Amino acid sequence: MSAGIYGKPLAEVVDLPAGAVQFSPLMPGASELGQQGEATLASMTMLAPPGTLERRYAMALALRAVVPGGAFTALAPNDQGGTRLRKELQAFGCTVTESARRHHRVAVCTRPDKLNGIDAALAEGGPQLVADLGLWSQPGVFAWDRIDPGSALLLEHLPALAGRGADLGCGIGILSHAVLASPAVAQVDLIDIDRRAVQAAQHNVDDPRARFHWGDVRDSNAVPGDLDFVVMNAPFHDAGAEDRTLGQGFVKRAAEVLRSGGVCWLTANRHLPYEAVMKPLFKRVDLRIEAAGYKIYEARK
Ligand SMILES: C[S@@+](CC[C@H](N)C(=O)[O-])C[C@H]1O[C@@H](n2cnc3c(N)ncnc32)[C@H](O)[C@@H]1O
């Protein structure tokens with residue numbers, strides 16, 4: 001029986017089991033906890049996710065997957081759910097020993113024979129149709145139950161596109177859904193590092209011209225080349241921490257995969273320094289709209 005691991009817990013905070021199977025939906029290629037049979041893992045060490053619904057969902061899946069009597073360790077930074085772990089695990093029927101290390105709480109228990117409240121946690125944190133949006137989504141996914149204002153602004157100003165393109169960091173597929181309204185679009189590759197987002201996008205973008213990829217835009221082979229267009233609302237958080245190089249990496253990848261004359265439509269928070277990164281990579285960079293704290297750029301290769 002294998003040990004499981006979820007995310008990348010700090011080795012200074014917990015002992016990491018050797019040879020463990022990775023289950024994080026943010027690590028392309030990882031196994032899917034929801035597909036893991038009940039009582040089939042020897043143990044689980046989980047860097048518990050920050051959102052309450054997302055965390056309770058992941059812990060419920062993990063507890064179900066661990067064999068009764070197997071060790072379950074959940075840890076999280078104090079200000080990202082760590083202080084709630086003990087109560088949440090107790091509510092699932094666990095007897096918890098808690099410790100504090102390096103601004104983290106570490107909650108350790110053995111998987112009890114009888115678990116409580118698992119189905120409710122799975123329903124609340126699982127894939128679901130968000131009535132207000134009419135779209136599939138899941139807690140934990142970017143802006144999971146609303147349209148991000150930056151994406152909404154881009155949707156207002158995006159012209160009809162044509163040919164083959166990519167949606168980098170597609171989330172639940174909002175931008176592609178709009179792009180595919182143009183009959184001149186032949187193909188769109190949707191790429192996101194979050195498996196849950198890609199799965200939701202597959203529901204939301206029901207179109208034979210769409211292709212879906214669970215992958216990291218930073219990987220050189222993640223995005224096909226010679227494209228006519230790219231759309232993106234570039235991320236600037238990696239694992240919860242602001243990381244400007246992430247969005248800049250997206251811009252560089254867009255410049256790389258576009259054919260000469262191809263276009264990149266990008267929406268970004270106004271404070272992010274994309275212009276300087278774009279200018280040397282594209283023939284033309286035009287700021288099309290600046291409103292409500294966001295900037296929309298059209299960059300021509
Ligand atoms: C600002 S959100 C935009 C989502 C969607 N396009 C929209 O407009 O609602 C950025 C997306 O990029 C994804 N992402 C972050 N880092 C990534 C990476 N290295 N490779 C691929 N996708 C990534 C996130 O999971 C998130 O869904």
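**View 1. Glu 98 faces Ala 107 across two paired strands.** In this predicted model, Glu 98 stands opposite Ala 107, a residue of β6. The strands here are β5 and β6 (residues 104-110), which pair in the antiparallel sense. Their pairing runs over 5 bridges. Ala 107 also belongs to a nonpolar core of 32 residues, along with others including Ala 58, Leu 63 and Ala 74.

**View 2. Six strands make an open sheet.** The order of its 6 strands is β2-β1-β3-β4-β6-β5. Pairing in this sheet is mixed. Which strands stand at the edges? They are β2 (21-22) and β5 (97-101). Each has a single partner strand, so one side of each is left without a neighbour in the sheet.

**View 3. Seven strands make another open sheet.** Here the order is β11-β10-β9-β12-β15-β17-β16, and again the pairing is mixed. The edges belong to β11 (210-214) and β16 (284-291). Both have a single partner strand, so one side of each lacks a neighbour in the sheet. From one strand to the next, the twist averages 15 degrees. Helix α4 (residues 149-157) lies across four of the strands: β12 (227-233), β15, β16 and β17. The helix runs at about 135 degrees to β15.

**View 4. Leu 266 sits where strand pairing and a nonpolar core meet.** Strand β15 (residues 258-269) pairs with strand β17 (residues 294-300) in the antiparallel sense, over 7 bridges. Within this pair, Leu 266 has Tyr 297 of β17 as its bridge partner. Which residues does Leu 266 contact, leaving aside its neighbours within four places in sequence? They are Met 232, Ala 234, Tyr 274, Tyr 297 and Ala 299. The largest nonpolar core has 53 residues. Leu 266 is among those with the most contacts inside it, as are Leu 168, Ala 201, Val 230 and Ala 254. Strand β15 gives the most to this core, with 6 residues.

**View 5. Val 141 is a buried loop residue.** Val 141 is found in the loop between β8 (135-137) and α4. Why does Val 141 count as buried? Because 24 C-beta neighbours lie inside 10 Å of Val 141, and the cut-off for a buried residue is 20 or more. Leaving aside neighbours within four places in sequence, Val 141 is in contact with Gly 171, Ile 172, Asp 194, Arg 196, Ala 197 and Ala 200. Ile 174 is 33 residues from Val 141 in sequence and 13 Å away in space, C-alpha to C-alpha.

**View 6. Helix α6 is largely enclosed.** This helix spans residues 195-204. Of its 10 residues, 7 are buried, so the rest of the structure largely encloses it. The buried ones are Arg 196, Ala 197, Val 198, Gln 199, Ala 200, Ala 201 and Asn 204. Their cover includes β8, α5, β10 and β11. Three of these buried residues, Arg 196, Ala 197 and Ala 200, are contacts of Val 141.

**View 7. Twenty residues surround the ligand.** Which of the 20 come nearest? They are Ser 151, Gly 169, Gly 171, Val 217 and Pro 235. Gly 171 is also in contact with Val 141. Helix α5 (174-179) and strand β10 (185-192) each supply at least two residues of the shell. By type, the shell divides into 11 nonpolar, 4 polar and 5 charged residues.

Conventions: Residues numbered from 1 in each chain as written. Predicted model: local features only at pLDDT ≥ 70, side-chain atom pairs only at ≥ 80, totals over all residues. Pairing = 2+ DSSP bridges. Axes fitted to C-alpha atoms, helices over the stretch in contact; angles between N-to-C directions. Contact = placed C-beta atoms within 7 Å. Near = placed C-beta within 6 Å. Nonpolar A, V, L, I, M, F, W, Y, C, P; charged D, E, K, R; others polar. Core = buried A, V, L, I, M, F, W, Y, C linked by C-beta atoms within 7 Å. Buried ≥ 20, exposed ≤ 12 C-beta atoms within 10 Å, placed from the backbone.
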